[in-house]
Amino acid sequence: MPKHALAFLILASMPDSGMAADFNSQAKPVFLARCAQCHGAGTAKAGLRLDSAGGALRGGTDGPVIVPGQAAKSPLMARVTSDKPGEMMPPKGPRLSPAEISALREWIDSGAKGGNPGEDRDPRLDHWAWQPVAGVATPAGNPVDHFINARLKAAGLPPAPRADRRSLIRRLSFDLLGLPPSPEEVTAFVNDPDPLAFAKLVDRYLDSPRYGERQARHWLDIAHYADTHGFERDQRRENAWRYRDWVIRAFNADMPYDRFLADQIAGDQLRPGDPEAVEATGFLAAGPWDFVGQAETPSPVLKRQARADDLDDMVTQVMAAACGVTVNCARCHDHKLDPISQKEYYGLWAVFSGARRGDRSLDPPGEARRDGERKALLAKAAELRATLARLDGKGLSLADAVGGGDGLGSGTRGAGINPATGRKSATKAGLISGAVANQYRALGGLVDGVVVPGGGDVPVSSTGIVAKSIPKTSATAWDAIRNGPVNQQRSTSIAGTDYSGPGHDILGLHANAAITFDLAKARAALKADTLRFTAMAGYGGRPGDNSTKADLRVLADGVEVERHLGLNPGSGPLPIDIPLGPDKRFLTLVATEGADGGIGHDQVFLGDARLLPSKTARPPAPETANRRELSEALAAIERQIAAIAPGPMVYAVNGGTPEAVRLLKRGNPEAPGEETGPGALSCLKGARPLEATSDMGDGARRAALARWIAQPENPLTTRVIVNRLWHHHFGTGLVGTPSDFGAGGGKPSHPELLDWLAGELVRRRWSLKAMHRVICDSEAYQRSSMAQDPKAALADAGNRLLWRQNPRRLDAESLRDAVLATSGQLDPTPFGPGYRDFVYQEAYAPIYRHIDDDSPSLRRRSIYRFVVRTTPQPFLTTLDCPNPANLSPSRTETTTALQSLALLNNPFMLRQARHFAQRLSRDAGDSTAGRVGRAFALAFARAPSRAELDASMALARSRDLPELCRMLLNASEFCHVD
């Protein structure tokens with residue numbers, strides 16, 4: 001249709017100017033013709049819908065676009081009348097005609113009224129997942145089979161026969177325990193005449209401690225659990241394993257699922273004083289954490305982005321795991337598929353806005369008592385060290401003070417202070433981006449404070465002293481000021497003396513950084529009015545590059561008293577000996593970038609930097625005689641300090657004061673909008689609303705969300721978990737997308753069965769073990785996976801109607817554990833810190849190098865592996881072990897050549913084949929036939945056929961027994977469950 005004809009039709013549909021302006025007759029025709037392509041029900045760009053009056057008045061992610069009665073102040077009018085690219089609307093095509101603009105202006109100025117009642121109702125609210133769980137009556141017989149068989153009958157598909165007992169016990173053992181059954185278990189079950197033998201086997205496996213280990217693996221996938229932070233500085237979480245153990249114990253104890261969820265969100269608030277409830281909150285801290293963005297960077301922009309990502313991870317994990325919704329899609333705009341607004345998403349942020357990840361004591365009273373004992377002993381030790389220092393005339397080590405000590409040896413080698421933030425830095429760092437120059441960070445000890453000098457007037461003390469002699473710098477810095485060499489320092493020697501060796505120390509600096517020491521505290525410790533500062537200064541950067549230049553200045557109360565400019569590899573030893581009279585209060589060391597204009601390799605260090613009494617008179621004889629007694633007393637106190645073991649800690653959530661949360665325009669932390677209080681989803685019919693307000697603290701907010709999620713009326717919580725259980729027993733859930741029940745996910749293959757199971761969970765007091773029994777007791781679960789029915793295969797190739805069981809490949813951890821169990825090498829020791837199959841190397845970005853080792857400590861179940869995020873375990877990763885940086889509601893199954901090569905040639909597999917052969921020799925003696933029979937029983941839970949026996953015996957004789965074992969461990973039958 002020609003454009004002028006379209007405009008004519010729009011104008012013809014408008015009322016006379018004498019009539020009251022109305023949305024339907026005046027504004028809607030314009031919006032439908034010119035705007036709805038981008039701002040209609042199916043698109044709603046920027047969250048804005050203009051095809052309805054309610055949508056137009058609500059506005060989008062950038063706020064309201066219409067001010068009723070004031071067209072001149074309405075952003076919509078500004079956009080449709082603008083001709084500026086990036087601002088004008090529509091962005092492409094012809095501009096709105098004067099008549100169209102006049103129609104919109106008149107409608108807005110007259111009050112923006114009109115529209116049909118109910119027109120704005122979101123049809124997405126009718127989605128099946130938001131509806132209450134249907135009260136499905138329990139049918140006669142086995143309820144699961146009632147619903148499954150009804151669908152099969154309707155489709156005209158006959159169900160497969162029951163699997164043989166050997167297949168059933170192997171299937172059940174891997175499903176519930178993640179391990180193969182022993183040959184003795186198989187024989188006993190196959191020969192058991194009791195018609196209830198399978199039900200009793202289910203009960204026995206559910207009571208096994210191995211059950212919790214298997215089920216915890218599924219849950220930890222959803223929680224994307226690991227033992228390191230991830231990101232650039234993938235540091236270790238030494239106490240994360242306590243949460244993993246809590247999950248295992250919770251499953252073994254059959255903790256009611258509503259409590260299982262609630263404890264992980266707010267157990268510390270719902271059951272205060274219970275250490276296990278604190279362990280449970282490790283769930284909220286299980287995901288990745290950006291150490292640089294959260295702790296190291298001085299840039300407020302980077303900090304806000306890192307905190308935003310952190311809150312998103314918590315919200316995403318909780319809502320995906322418990323409710324199966326992709327709520328994070330609303331971070332930048334209203335959810336495109338589901339009726340979840342951006343405001344609701346940020347309401348969930350507000351729930352967690354006081355939560356922080358970190359180590360947390362499981363025994364706060366005991367920790368307080370131990371801290372008191374430790375502080376008292378440390379004070380005594382400091383007094384003794386000060387006395388010995390005066391006797392020896394060694395003074396105070398400034399490097400030790402930088403390492404958190406008192407200058408007398410209590411500091412930590414390698415530790416330091418970030419010059420941009422004043423925070424402690426235990427590990428090497430890199431470029432300090434976003435540092436604020438000339439912002440003094442007061443610390444209040446022997447180290448008065450630190451600063452990144454930018455030049456000009458640089459504050460250098462907590463009392464406001466300013467240094468005026470510092471040239472302008474780039475204000476960039478590298479690493480921390482350290483008790484030891486800084487990151488990437490190449491040299492630690494001056495004139496043949498290695499100051500990193502025994503009897504010496506290094507105060508490491510890198511341009512641009514400055515540190516100030518409080519001389520009043522030094523005098524008090526040394527009981528001396530007049531001091532001397534002595535050190536040997538040197539250059540620690542790249543050898544041979546004389547173009548590099550670094551400057552070192554020494555200031556007393558902000559006044560320069562010594563300088564060494566242009567330091568480079570050619571600089572000789574620079575001894576420093578500066579008197580500091582009683583009138584001097586502060587000593588400042590300043591390293592700057594020098595004349596080369598960059599900080600590359602500008603590493604300055606001071607060897608044996610000391611504050612000494614100006615006169616080291618010989619101590620009186622009695623004090624000299626007591627020196628041995630003082631040293632012995634100090635040693636005894638240090639042993640007492642070392643004996644105070646730290647109390648139990650868990651890496652979990654630490655509550656704090658909730659931050660104000662604002663809706664972020666397009667998800668940008670630098671574009672905050674209106675403030676948002678705690679909230680949850682409003683689309684769930686029948687669910688009670690979240691009872692939380694902005695005046696609540698962190699714990700109360702999390703407790704409110706825990707109650708909202710775990711309420712029986714929440715239709716998602718029960719549906720999601722019973723679907724996960726079904727997924728683990730059949731390989732695919734009734735809903736094929738276990739963490740997405742929204743419009744973008746799958747539809748339930750058996751909706752009545754899903755709702756009956758969800759209701760049954762509540763009726764059975766949220767017992768997951770009871771639901772396992774319900775599923776395993778069904779004919780559907782016990783059917784053969786090997787049935788061949790051309791009609792069924794053609795009509796239901798994906799087996800969504802479950803006419804047979806699904807064959808499944810073992811996941812990576814189950815396969816590794818099965819290999820160890822079969823070879824007789826599996827160590828069943830439960831709980832405790834994870835085994836570490838890597839060598840750790842401290843660096844700015846820690847290095848984890850996985851090793852091939854046969855030590856007994858590495859033979860525990862895979863659930864007890866120390867999981868590194870940035871360095872996946874190569875063998876398990878090849879077998880599709882998921883990336884712990886991501887939520888993994890289901891395991892990916894690929895078939896690659898690398899998998900075959902790994903199973904055939906990986907050193908672990910070769911070694912276990914040898915152990916397997918040794919086990920066969922122990923179990924079956926010298927008989928080749930006996931060894932082969934035992935091998936098949938262990939690997940496949942059955943006896944070999946005549947042909948298999950003959951072929952296996954021939955292989956064992958022509959090659960060797962380990963070669964036969966290697967072939968069995970590579971067989972498809974070993975790697976799959978039928």
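## Exercises on backbone geometry and salt bridges

Gln488 is partly exposed, with 46% relative accessible area. This residue belongs to a predicted model, and it opens the first exercise.

### Exercise 1: Positive phi values

Find where Gln488 lies and describe its backbone phi.

**Solution.**
- Step 1: Place the residue. Gln488 sits in the loop between β11 (481-483) and β12 (493-494).
- Step 2: Read the torsion. The phi of Gln488 is positive, about 70°, although the residue is not a glycine.
- Step 3: Recall the background. Most residues other than glycine have a negative phi.
- Step 4: Turn to another case. Asp254, also not a glycine, has a positive phi of about 55°. Its place is in the loop between α12 (241-252) and α13 (257-270).

### Exercise 2: Cis or trans?

Decide whether the peptide bonds from Met89 to Pro90 and from Ala511 to Asn512 are cis or trans, and locate Pro90 and Asn512.

**Solution.**
- Step 1: Start with the proline. Omega from Met89 to Pro90 is near -5°, and the bond is cis.
- Step 2: Locate Pro90. This residue is in the loop between α5 (75-81) and α6 (98-109).
- Step 3: Move on to Asn512. The bond that joins Ala511 to Asn512 is cis, with omega near 0°.
- Step 4: Locate Asn512. It lies in the loop between β14 (506-510) and β15 (513-518).
- Step 5: Set both against the general rule. Most peptide bonds are trans.

### Exercise 3: A hairpin and its cross-strand pair

Work out how strands β8 and β9 pair, and explain what the salt bridge between Asp457 and Lys468 ties together.

**Solution.**
- Step 1: Get the sense of pairing. Strand β8 (residues 456-459) runs antiparallel to strand β9 (residues 466-470), and the two pair over 3 bridges.
- Step 2: Pick out a bridge. Val458 has Ala467 in β9 as its bridge partner.
- Step 3: Look at the turn. There are 6 residues between the strands of this hairpin, and Gly464 takes a positive phi near 95° there.
- Step 4: Add the side chains. Asp457 forms a salt bridge with Lys468, with the closest N and O atoms 3.4 Å apart. Asp457 is in β8 and Lys468 in β9, so the pair ties together parts that are 11 residues apart in sequence.
- Step 5: Check accessibility. Asp457 is partly exposed at 47%, while Lys468 is exposed at 62%.

### Exercise 4: Salt bridges in and around helices

Describe the pairs Asp309–Arg331 and Arg946–Asp950, giving the separation in sequence for each.

**Solution.**
- Step 1: Keep the principle in mind. Side chains of opposite charge can pair when their charged atoms come close.
- Step 2: Take Asp309 and Arg331. Their closest N and O atoms are 2.8 Å apart. Asp309 lies in helix α16 (residues 300-323) and Arg331 in the loop between α16 and α17 (342-351), so this salt bridge links parts 22 residues apart in sequence.
- Step 3: Compare burial. Asp309 is partly exposed at 31%; Arg331, at 14%, is buried.
- Step 4: Take Arg946 and Asp950. Here the closest N and O atoms are 2.7 Å apart. Both residues are in helix α34 (residues 946-958), 4 residues apart, which means a separation of about one helical turn. Arg946 is exposed at 56%, and Asp950 is partly exposed at 39%.
- Step 5: Widen the view. The structure holds 67 salt bridges, and a network of them links Arg307, Asp310, Asp313, Arg356, Arg357 and Glu659.

Terms used: Residues are numbered from 1 along each chain as its sequence is written. This is a predicted model: local features need pLDDT of at least 70, side-chain atom pairs count only at pLDDT 80 or more; totals for chains, interfaces and linings use all residues. Side-chain values use heavy atoms; hydrogens and water are left out. Buried means under 20% relative accessible area, exposed over 50%, partly exposed in between (1.4 Å probe, protein chains only). Two strands pair if DSSP finds at least two bridges between them. A salt bridge is a side-chain nitrogen of Lys or Arg within 4 Å of a carboxyl oxygen of Asp or Glu.
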